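Here is a short, friendly briefing on some charged pairs and some backbone angles. Keep the structure open beside you and look up each residue as you go.

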Amino acid sequence: MFTGLVEEMGEVHALEVEGSGVRIVLRTSLVAQDAAVGDSISVNGCCLTVVKIDQNLLSFEAGSETLSRTNLGRLAKGSRVNLERSLQLGDRLGGHYVTGHIDGMGTVIKRRDDGDWSTLTFRAAAKLTRQMAPKGSVTVDGVSLTIVTADEDRFHVALIPHTLQQTTLGSLVVGDVANLETDLLAKYVQRQLESRKPDTSIL
């Protein structure tokens, strides 16, 4: 479980093909300090397991399913990624509950910069936007954001200067693809509504 508050931007040091998957080796300083093999780390919002540590290099394994359904399959040497260690009991929850299970991808279709602030518009599948609402939460590449507006096939988020500087979202341009995870509560509400059967006893 994560909060969507990015701790550090890591850099892809190497990508090593392993069967149908890839070993992703990331260079990191802060996150690597107390990481251990077996730990869960959010990499661009995707929960991955640390399989090897070599000083400030963390290695993860991603299978073909993960690579095809997230933007991790688009990484190259030198790419930057958002990193967050998993929650511990007693930690402050500054963002929102994030599972690290990517629901889909969104494409940047518009970026409007206003001084040090930016507003990004993403196109996303309707099955995802149905779980979004103004002032609700969404995770974009592992970053907890507040939704400004949500329409049938797109949503808008406003980014403050800190987020633009401290995460990979600051470098996004039109055409870029980001990992999306909708709010956990919205999933449960939708599931309950869809499973409700109409009461025909009064008919």
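Arg69 and Glu65 both sit in helix H1 (residues 64-69), and because they are four residues apart there, about one helical turn separates them. Their side chains form a salt bridge, with the closest N and O atoms 2.4 Å apart. Keep in mind that this is a predicted model.

**The pair in helix H1**
- Arg69 has a relative accessibility of 54%, so this residue counts as exposed.
- Glu65 comes out at 48%, so this partner counts as partly exposed; the cut-off for exposed is over 50%.

**Salt bridges across the structure**
- Side chains of opposite charge can pair when their charged atoms come close.
- How many salt bridges does a search of the whole structure find? The search finds seven.
- One of them links Glu7 with Arg85, whose closest N and O atoms are 2.5 Å apart.
- Glu7 lies in the segment before strand S1 (8-18) while Arg85 lies in strand S6 (residues 80-85), so this pair ties together parts that are 78 residues apart in sequence.
- Glu7, at 30% relative accessibility, is partly exposed, and Arg85 is partly exposed too, with a relative accessible area of 23%.
- Salt bridges with shared partners join Glu7, Arg85 and Asp34 into one network.

**The pair Glu18 and Arg23**
- Glu18 and Arg23 also meet through their side chains in a salt bridge, at 3.0 Å from N to O.
- Is Arg23 buried or exposed? With 17% relative accessibility, Arg23 counts as buried, because the cut-off for buried is under 20%.
- Its partner Glu18 has 33% relative accessibility and counts as partly exposed.

**Two residues with a positive phi**
- Gln55 is not a glycine, yet its phi is positive, at about 60 degrees.
- You can find Gln55 in the loop that runs between strand S4 (46-54) and strand S5 (57-62).
- Gln55 has a relative accessibility of 70%, so it counts as exposed.
- Asp141 is not a glycine either, and its phi is positive at about 50 degrees.
- Where does Asp141 lie? Look in the loop between strand S9 (137-140) and strand S10 (143-150).
- Asp141 has a relative accessibility of 4%, so it counts as buried.
- Put side by side, Gln55 is exposed, whereas Asp141 is buried.

Terms used
Residues are numbered from 1 along each chain as its sequence is written. This is a predicted model: local features need pLDDT of at least 70, side-chain atom pairs count only at pLDDT 80 or more; totals for chains, interfaces and linings use all residues. Side-chain values use heavy atoms; hydrogens and water are left out. Buried means under 20% relative accessible area, exposed over 50%, partly exposed in between (1.4 Å probe, protein chains only). A salt bridge is a side-chain nitrogen of Lys or Arg within 4 Å of a carboxyl oxygen of Asp or Glu.
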